[in-house]
Amino acid sequence: MNRTDHQLGPLMDLGRERPQVPARARNMSPIVPRASIAGRALVAVVAIMTFLASITTGAVLLVSASAAEWQSEVATEITIQVRPAPGRDLDRDAAAVAEAVRAQSGIVEIRPFTREESAKLLEPWLGSGLSLDDLPVPRVIVARVQPGTTLDLEALRRRVTRVTPSASVDDHRAWIERMRSMTGATVIAGIGILALVIIATIISVSFATRGAMAANRPIVEVLHFVGAGDRYIANRFLRHFLRLGLEGGVIGGGIAMLLFGFSESIAGWFSGTPVGDQFVALLGTFSLRPSGYLALAAQAVLIAAITAWASRRTLFATLDDID
């Protein structure tokens, strides 16, 4: 025996048709093949699931952030409409209402809209170039409330109607409630989609684990019957599928992060178009906060952990069948 054979250790006789290999090399071979068609397919499935989950989570975060900004802005504003009335001067009524609102405590800014500005608010519905002289277009006055101040809305309404009976005050509470309902529905829908993605991931991993067990069943049975504990065998599968889950999570989550990273630039390409303006109005600037990227990274790790957990559960169930 030369020096090289001594370093490799004793040889194991595998028969006449196969060469002798070191026993230590045989012992170091993994129970689960590290590179296989099933493994690559599982990585692709986990990557797709992680990408879909990340897109859903990112969209929910964008909508929630935009809705919070809308609510904070609208909650600090009230709108007063002065409608035309027979025998009354609309311009004089609008000026009197603006002065009455300015005298209310808690109001920090008043912006009366001119006749042309009030008519321009109707252009998205009526179009431009129309004569609105014969239409009872009201005058709009926007008042900004000091943040943190509780405005006595009933007192303001009494003061305004005392000056001009045709005036009305709107604090946008109904709109804010609708916005909260829409945001809540969006969050619930996102949670439902995430639940479906996790369920689909568990099912995919379970089938992949059973396939790996079927391909390596003779080895697993030998290890099981010679005294290897279920935990020892399960840890080998756990490491294998955890690695596959992390690989798929990094791929899917990384692509989603890149997509959100470039989303602001992509939105800039469509700026000025009706579709782009609507999406910007709904989702803001399409840019996630740093906490959003941390949430996507944590979600990718969670899906990888679910992948490992599902494989471990399936493996123990299969080992019970062997017993």
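**Surface patch.** I started on the outside of this predicted model and found a nonpolar surface patch of about 440 Å², made by Leu196, Ile199, Ile203 and Phe207. I picked Ile199 for a closer look and placed it in helix H8, residues 173-215. Is Ile199 buried, partly exposed or exposed? Its relative accessibility is 46%, so I noted Ile199 as partly exposed, since that class lies between 20% and 50%.

**Whole protein.** I then looked up the totals. The accessible surface is about 19700 Å², and carbon and sulfur atoms hold 61% of that. Of the 323 residues, 36% count as buried. I listed twelve helices and six strands. For contacts with a separation of 6 or more, I found that 81% come from residues 24 or more positions apart.

**The sheet.** Next I traced an open sheet of four strands, in the order E4-E5-E3-E6, with antiparallel pairing. Which strands stand at the edges? They are E4 (107-112) and E6 (167-170); each has a single partner strand, so one side of each lacks a neighbour in the sheet. Ignoring direction, I get an average turn of 20° between neighbouring strands.

I zoomed in on E4 and its antiparallel partner E5 (residues 139-145), and found five bridges joining them. One detail for my notes: Glu109 has Arg144 in E5 as its bridge partner.

**Helices on the sheet.** Two helices went into the notebook here. Helix H4 (residues 90-102) packs on the sheet and touches E3 (77-82), E4, E5 and E6; the direction of H4 makes about 10° with that of E5. Helix H7 (residues 153-163) also packs on the sheet, touching E3 and E6. I noted about 160° between the directions of H7 and E6.

Definitions and conventions: Residues are numbered from 1 along each chain as its sequence is written. This is a predicted model: local features need pLDDT of at least 70, side-chain atom pairs count only at pLDDT 80 or more; totals for chains, interfaces and linings use all residues. Side-chain values use heavy atoms; hydrogens and water are left out. Buried means under 20% relative accessible area, exposed over 50%, partly exposed in between (1.4 Å probe, protein chains only). Contact means heavy atoms within 4.5 Å. Accessible areas come from the Shrake-Rupley method with a 1.4 Å probe; for residues, only the protein chains shown count as cover. Patches are made of residues with over 30% relative accessible area and no salt bridge: like charges are joined within 9 Å, nonpolar side chains (Val, Leu, Ile, Met, Phe, Trp, Tyr) within 5 Å. A salt bridge is a side-chain nitrogen of Lys or Arg within 4 Å of a carboxyl oxygen of Asp or Glu. Two strands pair if DSSP finds at least two bridges between them. Axes are lines fitted to C-alpha atoms, for helices over the stretch in contact, and angles run from 0 to 180 degrees between N-to-C directions.
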